Amino acid sequence: MSLLSRKISELQDRREKAVQGGGESAIAKQIAMGKLPARERINQLLDPGSFFEYDLFIEHEAREFGMEGKNLAGDGVVIGTGTINGKSIAIYAQDFTVAGGSLGSMHARKIAKIMDYALRMRIPLIGINDSGGARIQEGVNSLAGYGEIFFRNTLASGVIPQLSVILGPCAGGAVYSPALTDFVFVVDKISKMFITGPEVIKSVLGEEIDMESLGGARVHSEITGNAHFFANSEAECFTQIKTLLEYIPSCNECKAESIKPTEPLKKFKIEKIVPVDPTKPYDVRDVIKAITDSSQFFEVQEMWAGNIVVGFGRIDGRTVGFVANQPLVLAGVLDCDSSDKAARFIRFCDAFEIPIVTLEDMPGYLPGVDQEHAGVIRHGAKLLYAYSEATVPKITVILRKAYGGGYIAMNSRHLRADFVFAWPLAEIAVMGPEGAANIIFRKEIMEAEDPEAMRKQKVEEYKKKFANPYVAAAKGYIDSVIDPTETRNYLKHALSVSDNKVVKRPSKKHGIPPF
Amino acid sequence: MKKTKKITEEKDVMETLQIFPNARRYKTNLTKKYKNRKQWKRPDLQEIHSMIPGVVTSFSVELGSHVNKGDEIMIYEAMKMQNIIRAPFDGTIEKIFVKPGEKVPKGVVMIYLKSDVEFVYEDVDVDLSAIVPDPVV
């Protein structure tokens with residue numbers, strides 16, 4: 001055997017040993033938990049044969065608590081670059097089979113390295129989290145590692161899309177990396193996220209709760225809003241990641257890829273979806289599907305704050321971010337959670353040059369002590385801020401109700417919408433006819449012989465005068481009153497004329513959004 | 001003019017807070033929000049609550065009727081919308097706590113829908129002892 005082939009065979013031996021991770025029994029345990037090993041996950045997510053791994057031979061640095069002399073394959077994390085549907089991405093995947101995927105200093109340094117690559121190369125970063133947390137034996141070095149990751153997450157925010165995939169536990173400080181990224185993917189029964197676990201909660205506070213109810217995938221998708229995409233299996237989760245990447249650009253200075261335009265499906269008849277009676281609910285997603293190419297709509301945070309719908313679709317082949325009130329849930333009101341949800345999504349679209357189409361049909365802000373005390377003022381302000389701040393093309397279609405503060409917040413002309421269209425059903429006013437008539441004609445109603453008849457008459461009077469789009473149209477607050485069937489055409493045109501949109505804003509270090 | 005005296009005594013009574021089991025206890029003031037926190041209780045999914053304050057318009061079912069997932073149970077007017085409440089799973093209407101025309105605050109149990117299949121709460125715990133590295137030869 002020549003020296004060269006001996007050297008090559010040594011490399012192969014080393015590689016083989018390293019890619020075994022925590023060894024057969026640990027891998028068997030991982031599979032028994034319904035989870036895939038780290039490299040298998042990467043292989044399933046990326047284009048076949050496209051993955052190139054780095055830092056395979058890294059060694060950990062811990063010298064205390066009996067750690068010296070121990071070999072942790074790759075220090076519990078796999079990093080590399082590859083492609084998904086031909087698009088370059090950078091990825092890291094924590095390997096639970098190696099010391100529980102615990103984060104030591106070299107583990108963190110590997111993650112930091114691939115994050116630096118992603119930022120420098122301007123390609124999306126995908127992080128697969130499956131880790132028991134900090135490696136206690138490495139003490140403050142482990143904390144330093146987390147800090148380095150969080151800093152890079154913040155640095156890369158708004159420059160490259162960052163996706164966090166929670167495929168196992170992600171506990172303690174570790175949760176803050178996903179929280180700083182743009183999209184969090186969770187899988188039922190597999191993902192667990194919390195700051196303190198059930199055991200600590202039980203012994204300190206006496207509250208008993210299991211991991212799933214505390215921080216399972218469903219909890220983060222339905223209650224906390226930490227997760228953006230919920231899947232029933234790892235395979236479904238990978239499909240979601242691939243779909244998302246088709247809609248978004250690789251960096252803030254690249255454009256989302258346009259594809260060949262297609263027409264919406266014929267079964268979505270836009271003029272038949274919205275009931276004329278403003279008290280009748282409907283699914284606003286059907287309106288979106290009646291507008292988008294092939295009626296495709298990729299919803300973000302589908303299970304949380306359902307009273308507002310956000311997500312991606314295409315019009316004329318190009319990616320558009322949709323924000324729509326959902327009359328089917330909580331009558332489509334704005335509240336704390338829906339404001340947070342929409343504001344975050346708008347900021348993502350703005351950062352990555354994705355035009356925003358707003359479909360409006362909402363009765364206003366949700367009244368109630370719990371909302372006021374939960375800080376609906378502070379949360380609602382985020383929505384105003386996000387819309388005002390956004391400089392991408394912003395188009396609003398008022399489908400039906402646009403009342404009060406909600407009218408202003410939902411990308412009105414006054415927050416610098418580029419185009420505002422309204423359907424003939426639209427009611428744009430400071431409040432609903434019933435409430436308004438009761439205030440304006442209070443005296444007349446009280447003094448009338450038959451106050452109830454007078455009230456009805458005044459409500460009708462008000463409805464006729466103000467509950468329509470023409471008062472706002474007369475002021476130029478809306479650009480056109482359109483037939484619902486013309487919606488897609490108007491949007492197509494508005495998007496295409498906004499292509500070279502330029503907005504100059506006062507220079508500043510950064511704004512101060514009401515976090 | 002009536003003079004009011006600020007009550008400062010309350011501030012001096014510090015309480016203790018422990019944030020890790022079997023570890024240090026801290027003397028500190030607790031926030032109002034912390035003191036008023038509610039103990040977590042596993043929600044009974046068979047209770048159908050009012051999601052916002054509103055008025056019961058009508059029922060599409062009767063006591064004892066069987067419904068399938070997605071069936072309309074009742075119309076609940078809130079925020080000037082005739083909201084349709086649908087069955088979240090297959091079951092039988094076991095109890096109705098409200099009547100048409102009734103004003104209902106948020107979070108009130110309106111209907112008890114007995115599920116056809118019993119809910120099982122799976123506790124999928126993770127063995128975190130794996131963090132301690134196995135001795136590798």
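This section describes the two chains of a predicted model, from overall layout down to single residues.

Chain A contains 21 helices and 16 strands. Its C-alpha atoms fill a box of roughly 105 × 55 × 45 Å along the principal axes. Of the 515 residues in chain A, 49% are buried. Contacts that are distant in sequence feature in the fold of chain A: among contacts between residues at least 6 apart, 74% join residues at least 24 apart. The domain assignment divides chain A into domain 1 (3–247), domain 2 (270–430 + 468–497) and domain 3 (433–466). Domain 2 is thus written as two segments. Between the C-alpha centres of domain 1 and domain 3 of chain A, the distance is 63 Å.

Chain B has 137 residues, and 17% of them count as buried. It holds 2 helices and 10 strands. From the N terminus, the order of elements in chain B is α-β-β-α-β-β-β-β-β-β-β-β. For contacts in chain B with a separation of 6 or more, residues 24 or more positions apart account for 46%.

The two chains touch. The contact involves 34 residues of chain A and 29 residues of chain B. On the chain A side, the elements that give two or more residues are α7 (198–205) and α8 (211–215). This side of chain A comprises 15 nonpolar, 10 polar and 9 charged residues.

Within chain A, one helix pair was examined in detail. Helix α4 (residues 105–121) and helix α5 (residues 140–156) of chain A have axes that come within 8 Å and cross at roughly 10 degrees. Angles under 35 degrees count as roughly parallel, so α4(A) is roughly parallel to α5(A). From α4(A), the residues in this contact are S105(A), H107(A), A108(A), I111(A), A112(A), M115(A), D116(A), A118(A) and L119(A). They meet N141(A), S142(A), A144(A), G145(A), Y146(A), E148(A), I149(A), R152(A), L155(A) and A156(A) of α5(A). By class, the residues of the contact between α4(A) and α5(A) are 11 nonpolar, 5 polar and 3 charged.

R122(A) lies in the loop between α4 and β4 (125–131) of chain A. Its phi is positive, at about 55 degrees, although R122(A) is not a glycine. R122(A) has 16 other C-beta atoms within 10 Å and is therefore partly exposed. L330(A) also has a positive phi, near 45 degrees, and is a residue other than glycine. L330(A) sits in the loop between β11 (318–325) and α13 (336–351) of chain A. Here the surroundings hold 25 other C-beta atoms within 10 Å, so L330(A) is buried.

Helix α21 (residues 487–497) of chain A has a buried side. Its buried residues are T487(A), L491(A) and A494(A). Viewed down the axis of α21(A), these residues fall within an arc of 65 degrees, so they line one face of the helix. The spacing follows from helix geometry: an α-helix has 3.6 residues a turn, so residues three or four places apart point the same way. On the other side of α21(A), N489(A), S496(A) and V497(A) are exposed. The buried residues of α21(A) pack against helices α11 (270–273) and α12 (284–291) of chain A. They also pack against strands β10 (308–315), β12 (356–362), β13 (394–403) and β14 (419–422) of chain A.

Two further loop positions in chain A were considered. P261(A) is located in the loop between α10 (234–247) and α11 of chain A. It is partly exposed, because 13 other C-beta atoms lie within 10 Å. Leaving aside neighbours within four places in sequence, P261(A) contacts D293(A), D316(A) and G317(A). P261(A) and V165(A) are 96 residues apart along the chain, and their C-alpha atoms are separated by 31 Å.

A448(A) belongs to the loop between α18 (442–447) and α19 (451–466) of chain A. With 15 C-beta neighbours inside 10 Å, A448(A) is partly exposed. The C-alpha atoms of A448(A) and E263(A) are separated by 56 Å, with these positions 185 residues apart along the chain counted as their separation.

Methods. Residues numbered from 1 in each chain as written. Chains lettered and ligands numbered in written order. Predicted model: local features only at pLDDT ≥ 70, side-chain atom pairs only at ≥ 80, totals over all residues. Axes fitted to C-alpha atoms, helices over the stretch in contact; angles between N-to-C directions. Helix = DSSP H or I, 4+ residues; strand = E, 2+ residues; numbered from the N terminus. Parallel < 35°, antiparallel > 145°, perpendicular 65-115°, else oblique. Contact = placed C-beta atoms within 7 Å. Nonpolar A, V, L, I, M, F, W, Y, C, P; charged D, E, K, R; others polar. Domains from an automatic or database assignment. Buried ≥ 20, exposed ≤ 12 C-beta atoms within 10 Å, placed from the backbone. Arc of directions from axis to C-beta.
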